[in-house]
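Hi,

Here is the model we talked about, passed over to you along with my notes. Have a look at it first, then read on.

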Amino acid sequence: MALTLQQVIFLALAVVVIGAALFVVTTRNLFRAALMLVLSFFAVAGFYVLLDAGLFAVAQILIYIGAISILIIFSVMLTRGMQAMIPRNSQAFWSAVVVAIIFAMLLLLLGPLRTTVNVAAWPIIGSIFPNATPRELGAVPWAYAVEPATGLPAVVPETYIATFGFSLVDINQYVLPFLLVALLVDIALSGAVHIARQRRPIEVIQERQDIAAEDAAEAEAIRNAQQPAPVPAPALPEGAVAAATSAANEH
Amino acid sequence: MNPINDLLNIIGGFIAGIINSIFSFSPFLADAITMGLAAIILCTFAALSFMGLTYAERKVVARIQDRVGPNQAGPLGLLQPIADGIKMFTKEDTTPAAADRWVYNLAPLVIAVFALTTYAVLPFAPGVVGTNLNIGVFYVLAIGSGSIVAIIMAGWGSNNKYALLGAFRTVAQLVGYEVPMLLNVLPVVMLAGSMGLIDIIDHQTLANGNAGIPFLLFFPLSAVVFLISGIAETARSPFDLLEAESEIVAGFHVEYSGMKFALFFLGEYVNALAVAFVFSTLFLGGFAGPILPPYIWLLLKAGAVFTIFMWLRGTLPRVRIDQMHNLNWKFFVPLSIVHLILVIILLKVFVTSPAQQAATGGILVDAWVQAAIMFVASALTLIAGLGLAARRARISRLAEEDVLARRRAENMATAGAA
Amino acid sequence: MIVTAALLMGVTLIAASLLRPKKPSKAKLETYECGMETVGDTWVQFRVQYYVLALVFVVFDIEAVLLFPIAVAFNALPWLAVINLILFILILLIALLYAWRKGALDWE
């Protein structure tokens, strides 16, 4: 089986990606895991290059390796996960099984996997549905046949970069996801900034007071719920007060 | 003039011809060997220029500081880089005891490799480029960003508190100054209509009917901010607070010695020279120029930019870390964004080609008029930004002085009463 | 395309690793405890500002990466697309201003 150079490079990159990913999920040294994650990002960038999409390869390096891996390493160090003893995940095996099943289903529904399902041939259920027709699942032919109409004026040479860029801001194409991404990123940033901001000492005191007040109010509510409601004062008979006062006045 | 102008092309063609005839049985192998040879030549060029640059830097900074600089090794100290190289080679390679072996050894290699990889896309002459990526400038920025992880590797692998702390702070600085660099390359890409470096140079020359206007005249603000961000990105003076000897004791590479430290050093200078080359390509027109051969023009322009780097190093004091971050996030980034919006609007209103006017509308002006409008807008934004920052700084300074004066008066009053 | 870059890296790797083993001197000092005083664990009080700065950088990184292809197609954009573009940039500018007001960009 003669392999072309492209296939050789593909196999090498695939080995690197899967090997690095396996290392990431099985090692105890969190820092090495982060570095292996960086290596797998590099290999994915190599895949993009194989697909003739240099823009996405470079974007992968810029965003994933330049920003996100730094964020991951920082968050690992922030929570000091490298010093603590990392207990082995006792559910690792069963979660791997579940993930493998989901992955197979995804390959079936969205990817190149294909199978034929013939309910009538199954042992028990087949007798319930004896005349079910065999169905083919998987290998959905995604529609590449039609060129996407870009509407790009001919002033710019039509490279895939220009088409991609135009599709992001064209009102008929992907401008809505584009702006939604901006909003989403905005919200994420605002949330993180709000949670992680440095509280000034007075703010820290205020927060602690607020939390203490909330706790006190909760305790109060619980206490009130446990005790019976206080007995209302017995209703005085009508003339008792008048009789008492007149009696007092007479004395 | 033609042999001199196309000297690099002629030599390259000659060597490629020899290789092709030797390996004529397999064109793929001939291609691979040619590319490998080109890579080796680029690395050698980078290494040689590194040696020359360290010498030039020490001499220039010395003259600015009213002293002579290295003059012992060889005539005029010209063999100083070779002496330094020998020293680096023969220095003992001490490794801290509990360091993570792989990470510690790999970090300087990664930094040096990434720094050298940026040279693959720089055009040295009209046909002489390592590989003409149509995403050239994007690639350069991404490689600069990708080398940041190696700094954390170096800091962590040294198993040293101060190295780790220095690594974090260095990464915060480098990561911060990526943003103005990215945002200020955008106007250039918008005007040139492509991210490839050769296309950008073409738009600044008289080729293909373009008016030969360097982009410096279009976007002075972008040029200035890109230059300063480039200096900060390579952690040179005045932004070298993290490797200064009097500060955190050489920062993240405190535990490295000998060849590995030399690789860090090489990475820094090669990065600085790459920034100089990229700036010359983006804003000054690269290898374009009237009389001299193109590669001489590129070297002259990059040399001029690097002289500015050395000049700033010798003249300016070191900035504090909070000053540096304030400058980046509170001045450069908002200014770059506002400038970008302005450039977008103006480039759409004033167009230069009739085809474009027919397609998307706008006012048709001459190329020089468009350049002048852009220049005025950009310069006004820069001056307005500086004025705003100066006014805010003055207000806060006066408020501080106010507080201090009041406190002083109180102290005098209490001292007088006591 | 990237092959030349990879070849460059390969050449440097080979060159650097060949140049390195030239110092087998002084084997006695193999376990030299160099560096600053190594008192206590090797961790530092990781301040949260570093994390927030990296986060803000991720946001602007994504913005720049999305802006680059649009900049390439810029000359052919109709005015409506330009307005969308300016809207995008303004949304992120507002994020920056929020982070500024909340003091996320202070203290380095």
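Let's start with chain C, which reads α-α-α along its sequence. That is three helices and zero strands, where helices (H or I, at least four residues) and strands (E, at least two) are DSSP runs numbered from the N terminus. Of the 108 residues in chain C, 40% are buried. Here "buried" means that 20 or more other C-beta atoms lie within 10 Å of the residue's own, "exposed" means 12 or fewer, and "partly exposed" is in between, with C-beta atoms placed from the backbone.

Before going further, some ground rules. This is a predicted model, so local features need pLDDT of at least 70 and side-chain atom pairs count only at pLDDT 80 or more, while totals for chains, interfaces and linings use all residues. Residues are numbered from 1 along each chain as its sequence is written, and chains are lettered from A and ligands numbered from 1 in the order in which they are written.

How far does the predictor trust this? For the complex it gives an ipTM of 0.84 and a pTM of 0.84. By pLDDT (the predictor's confidence in each residue, from 0 to 100), chain B has a mean of 82, with 91% of its residues at 70 or more. Chain C averages 75, and 57% of its residues score at least 70. Within chain C, helix α1 (residues 2–19) has the lowest confidence, a mean of 64, and helix α3 (residues 79–101) the highest, at 91. Residues 27–33 of chain C have a pLDDT below 50, and this stretch makes five contacts in the model beyond near neighbours in sequence. By contact I mean two residues whose C-beta atoms, placed from the backbone, lie within 7 Å. Where pLDDT is low, the predicted coordinates should not be read in detail.

On to chain A. Its 251 residues are 19% buried, and it has nine helices and two strands, in the order α-α-α-α-β-α-β-α-α-α-α. Looking at contacts in chain A between residues at least 6 apart in sequence, 35% join residues at least 24 apart. The domain assignment splits chain A into domain 1 (8–83), domain 2 (98–141) and domain 3 (156–209); such bounds come from an automatic or database assignment. The centres of domain 1 and domain 2 of chain A, taken over C-alpha atoms, are 34 Å apart.

Helix α8 of chain A (residues 201–226) is worth a look. It has 26 residues, and at 1.5 Å a residue it should span 38 Å, which agrees with the 37 Å between its end C-alpha atoms. (The expected span is 1.5 Å times one less than the number of residues.) Zero of the residues of α8(A) are buried, so this helix lies largely in the open.

Where does chain A meet chain B? On the chain A side, 17 residues are in contact with 22 residues of chain B. Helices α2 (30–50) and α3 (54–78) of chain A each supply at least two residues there, and α3(A) gives the largest share, ten residues. By class, this side of chain A has 13 nonpolar, four polar and no charged residues. For those classes, Ala, Val, Leu, Ile, Met, Phe, Trp, Tyr, Cys and Pro count as nonpolar, Asp, Glu, Lys and Arg as charged, and the others, Gly among them, as polar.

Chain B has 15 helices and four strands, and its C-alpha atoms fill a box of roughly 100 × 65 × 40 Å along the principal axes. Of its 418 residues, 47% are buried. Among contacts in chain B between residues at least 6 apart in sequence, 75% join residues at least 24 apart. The domain assignment gives domain 1 (1–82) and domain 2 (91–348). In chain B, 19 residues of domain 1 are in contact with 20 residues of domain 2, and α3(B) provides the largest share of the domain 1 side, twelve residues.

One residue to click on is B:Gly267, in helix α11 (residues 259–284) of chain B. B:Gly267 counts as buried because it has 24 C-beta neighbours inside 10 Å. Leaving out residues up to four places away in sequence, B:Gly267 touches B:Ile111, B:Ala112 and B:Ala115. The C-alpha atoms of B:Gly267 and B:Pro108 are 8.2 Å apart, with their positions 159 residues apart along the chain.

Cheers
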